[in-house]
Amino acid sequence: MQALRNKLIPMDLMEELKNVVALKALPQDVLQWILDHSEYHEYEDGQLVRKFGEPVNEMYFLLEGNISFYLDVNGRQVYYLTFTNDNASGGVSCLLPYSRMKTSPGYSYAVGKLRTLMMDKKHFPELERLSPELIQKLIGYMTERARSFATMQLQHEKVNALGKLSAGIAHELNNPAAAINRISAELARRVKLNYELTEKLLEHDIRATALKRITELVEMKEKNKSDNTKLSAMKRLQNEDEIEGWLGENGIASSREAAEALSEVGFTQQDLRSVLDNSDKGVSAQVVSWLENLLSSQRIIKDLEDASTRISTLVSAIKSHVHMDRTNELQPTNIHTDIDNTITLLGYKLREKNITLKKTYCNDLVNIPAYVGELNQVWTNIIDNAIYAVDQNGELIIETSCDTKNVKVKIIDNGGGIPKEVLPKIFDPFFTTKKVGQGTGIGLDIVSRIVKHHNGEIKVESQPGRTEFSVCLPIAAKKAE
């Protein structure tokens, strides 16, 4: 359905034009000039006024009704603003003087019966000569809209950044959580088995001094376990085979499982002889079973500790990354910690592509003043883009350097690079080289603005096989422009 254009123009249009907030108090001759150089349009409620991607060449004066605008974000229509005839919108919409907008970034719909006057941009210079005061007022509306749009972009990018991390966070938390479920069930079984094995030991009249000697040996082996982990896989396997052979010779069943547990903490044949040589086979078998269960239980508890520590580390990284429980003010932060937290949260993506990560951090880094939640969006976007850019088994390098004035962070990947014709546009709003559904084009625009907000500088150099983003941030707080 097309808009009704230049037909049935009401006779009292001048009076309606006077009621447009932005045009109030204008001289009669200026209003008449606007009427003479505008087209009258009507739209029904809900009718599409302008669609995404269409050229934008006109300014709308709202005589009746409103216009709702929906931003196109990755193919989705996201509500942005309703233009009305009030002090906030001024009763003007679409292209305003000195705006750089070329095409519509979204979809506009009529709200209620919509009646407008549309002025082509070719008349803007003459309008400025006639009424510079009106032009200044229109620029004011445009500035407020730009500020509102920037705020919306920032909020959207915060949600987008969390969205990038959410799948990984769920994956990273699920693994240790599932491990804890398995470990708790196995630990419960081992505790029950310990009661049974201890009863059997008592039936063989094992002396307390003998058990104490065994537990002291276990404690000593646990303390020296780090030395045992340095053994080669071949040496450890050889040790297991020797223990299994000795246990078999002494008539002890399930010897392989016991051999693995004993070898893991550094037991040798000599250790077993020292505690079991004077015991009969029945006693030796019970002691080995009890000892294997004890060592396995200790290993399970260590696994449980590792899984719970992993969850705590992730929660700490998430909390630090989104800067929860903090004010939105400049606060001292450690860039290395912030980057490491980002890597922790994006770790699953690195593992999926088997990406080699190399970090070279400066040793004398000091805390810098930052809006921490914002700055973490910078690391998330650049690192996530780098992961996206590299192929399977790719490489990601993160380097930092610092002096008395600045901290510089370099994030380098060995992906396909950014084409020369694209490079000047990557910080433009809504520009993206990713496939539909994989990028909004908001990320690097926000990155650039956040870095500028910190009085910093961001640069990019790219060629096939190497793309480098460098972010330079001042150590001392300065008022951002």
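**Reading a sheet and a disulfide in a predicted model**

Analyst: In this predicted model, five strands make up an open sheet of mixed pairing, arranged in the order S9-S11-S12-S14-S13.

User: Which strands are the edge strands of this sheet?

Analyst: An edge strand pairs on one side only, and here that description fits S9 and strand S13, which covers 457-463. From one strand to the next, the twist averages 10°.

User: In what sense do S13 and S14 pair, and over how many bridges?

Analyst: Strand S14 spans residues 466-474, and S13 pairs with S14 in the antiparallel sense over seven bridges. To follow this in the structure, look at Lys459, which stands opposite Ser470 in S14.

User: How many disulfides does a search of the whole structure find, and which residues form a disulfide?

Analyst: Such a pair is recognised by the distance between two cysteine sulfur atoms, which must be within 2.5 Å. The search of the whole structure finds one disulfide, formed by Cys362 and Cys402, with their sulfur atoms 2.5 Å apart. This pair links distant parts of the chain, 40 residues apart, since Cys362 lies in the loop between strand S9 (356-360) and strand S10 (368-370), whereas Cys402 belongs to strand S11 (residues 395-402).

User: Is the disulfide right-handed or left-handed, and why?

Analyst: The torsion about the S-S bond of Cys362 and Cys402 is about 120°, and therefore the disulfide is right-handed.

User: Is Cys362 buried or exposed, and what of Cys472?

Analyst: The cut-off for buried is under 20% relative accessible area. Cys362 has a relative accessible area of 13%, so Cys362 is buried, and Cys472, at 17% relative accessibility, counts as buried too.

Notes
Residues are numbered from 1 along each chain as its sequence is written. This is a predicted model: local features need pLDDT of at least 70, side-chain atom pairs count only at pLDDT 80 or more; totals for chains, interfaces and linings use all residues. Side-chain values use heavy atoms; hydrogens and water are left out. Helices (H or I, at least four residues) and strands (E, at least two) are DSSP runs, numbered from the N terminus. Buried means under 20% relative accessible area, exposed over 50%, partly exposed in between (1.4 Å probe, protein chains only). Two strands pair if DSSP finds at least two bridges between them. Axes are lines fitted to C-alpha atoms, for helices over the stretch in contact, and angles run from 0 to 180 degrees between N-to-C directions.
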